[in-house]
Amino acid sequence: MAYNLLKGKKGIIFGALNDQSIAWKVAEKAHEEGAEFILSNAPAALRMGDIQTLADKCDSIVVPADATNLDDLQAVFETAMERFGGKIDFILHSIGMSPNVRKGIPYDQLNYANFLKTLDISALSLHKMLQVARNLDVLNTWGSVVSLTYVASQRTLVGYGDMADAKALLESVTRSFGYIYGRDKKVRINTVSQSPTMTTAGSGIKGMGSLLDFSERMSPLGNATAEECANFCITLFSDLTRKITMQNIFHDGGFSSMGMSARAMDRYEQGVVFED
Ligand SMILES: NC(=O)c1ccc[n+]([C@@H]2O[C@H](COP(=O)([O-])OP(=O)(O)OC[C@H]3O[C@@H](n4cnc5c(N)ncnc54)[C@H](O)[C@@H]3O)[C@@H](O)[C@H]2O)c1
């Protein structure tokens, strides 16, 4: 059911690759809720994915941009302002990639060139986006920027590698820039800390199947799906959440507040031989 929550709002959605992507679901929901937006992804991703199908469905266009490249980002923002005849109201940053995780390189053997790429793509890209947006004065007052993160930024989860460090930085950028952009322009910036989700990025994490099962058992409400995440992002873009900024908001069925659950205990006890 649509509520017209984003009627009249314009935005940019970064990171839709295929119909599993969280950004893809956000685009579908934003369209249903009356928003107009442009889509952007890295040039290589545009060749791999199916983003044009999404653009056709949402009366949108696709503007290629490597989110680590300031000129590319500037071009995306300028295209948006031109298309919409003025400023925009929301930005979704749904971007993450670690060459170390992708290549299965363990955290205590990191390749540092890869590590810098992880940080640049997954965290600095948000800073770059915000800096370019602010310099061009792209966002309307009470605009909203949302980025996706994961609880491994705050608690150690095996297999997440240097993405954990990138997410910690992403959440810090959200606070630091959230202060400046909020103070000067009333723009709000938040991260949504989402349950593990079977997407292209998600499936790159070693042991993802076990992680999904574990967090499903630990979360009283169960894992949040990509579609549920999209619904939440829409509320953060809407005018109903104007005073929320600089926050990391868990959208994880309660996982982050749990220590042990009956369902996880059941599974654990099945395979345990207790010693005297
Ligand atoms: N899937 C999960 O379990 C999960 C959980 C919590 C948070 N997240 C986060 O959600 C976000 C979206 O990931 P997803 O799970 O939808 O997977 P996804 O693979 O569909 O999306 C990741 C996107 O990042 C884009 N990207 C990578 N490098 C880029 C670059 N240089 N410039 C521009 N775009 C680039 C990819 O092309 C892709 O579209 C990521 O930040 C991810 O870390 C995912």
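**View 1. Gly85, just past the end of helix α4.** In this predicted model, Gly85 comes right after α4 and has a positive phi of about 65 degrees.

**View 2. Helix α4 from end to end (residues 70-84).** The helix has 15 residues, and at 1.5 Å a residue it should span 21 Å. Its end C-alpha atoms sit 21 Å apart, so the model agrees with that expectation.

**View 3. The two sides of α4.** Leu73, Val76, Phe77 and Ala80 are the buried residues to look for here. Looking down the axis of α4, you'd find its buried residues within an arc of 90 degrees, so they line one face of the helix. That fits the general pattern: an α-helix has 3.6 residues a turn, so residues three or four places apart point the same way. On the face turned away from the buried side, α4 carries the exposed residues Asp71 and Glu82. As for what covers the buried residues, the cast includes strands β1 (10-14), β2 (36-41), β3 (62-64) and β4 (88-93), along with helix α6 (112-136).

**View 4. Pro99 and its contacts.** Pro99 belongs to helix α5 (residues 99-102). Is Pro99 buried or exposed? Neither quite fits: with 16 other C-beta atoms within 10 Å, Pro99 counts as partly exposed. Leaving aside residues up to four places away in sequence, Pro99 touches Asn114, Lys117 and Thr118. Leu116 is 17 residues from Pro99 in sequence, and their C-alpha atoms are 9.6 Å apart.

**View 5. The shell around the ligand.** There are 26 residues around the ligand, and Ser21, Ala45, Gly96, Ala201 and Gly202 come nearest. Helix α1 (22-32) and strand β5 (139-149) each chip in at least two residues of the shell. By type, the shell splits into 13 nonpolar residues, 12 polar and one charged.

Key: Residues are numbered from 1 along each chain as its sequence is written. This is a predicted model: local features need pLDDT of at least 70, side-chain atom pairs count only at pLDDT 80 or more; totals for chains, interfaces and linings use all residues. A residue is near a molecule or strand if its C-beta atom, placed from the backbone, lies within 6 Å of it. Helices (H or I, at least four residues) and strands (E, at least two) are DSSP runs, numbered from the N terminus. Ala, Val, Leu, Ile, Met, Phe, Trp, Tyr, Cys and Pro count as nonpolar, Asp, Glu, Lys and Arg as charged, and the others, Gly among them, as polar. The expected span of a helix is 1.5 Å times one less than its number of residues. A residue is buried if 20 or more other C-beta atoms lie within 10 Å of its own, exposed if 12 or fewer, and partly exposed in between; C-beta atoms are placed from the backbone. The arc is that of the directions from the helix axis to the C-beta atoms. Two residues are in contact if their C-beta atoms, placed from the backbone, lie within 7 Å.
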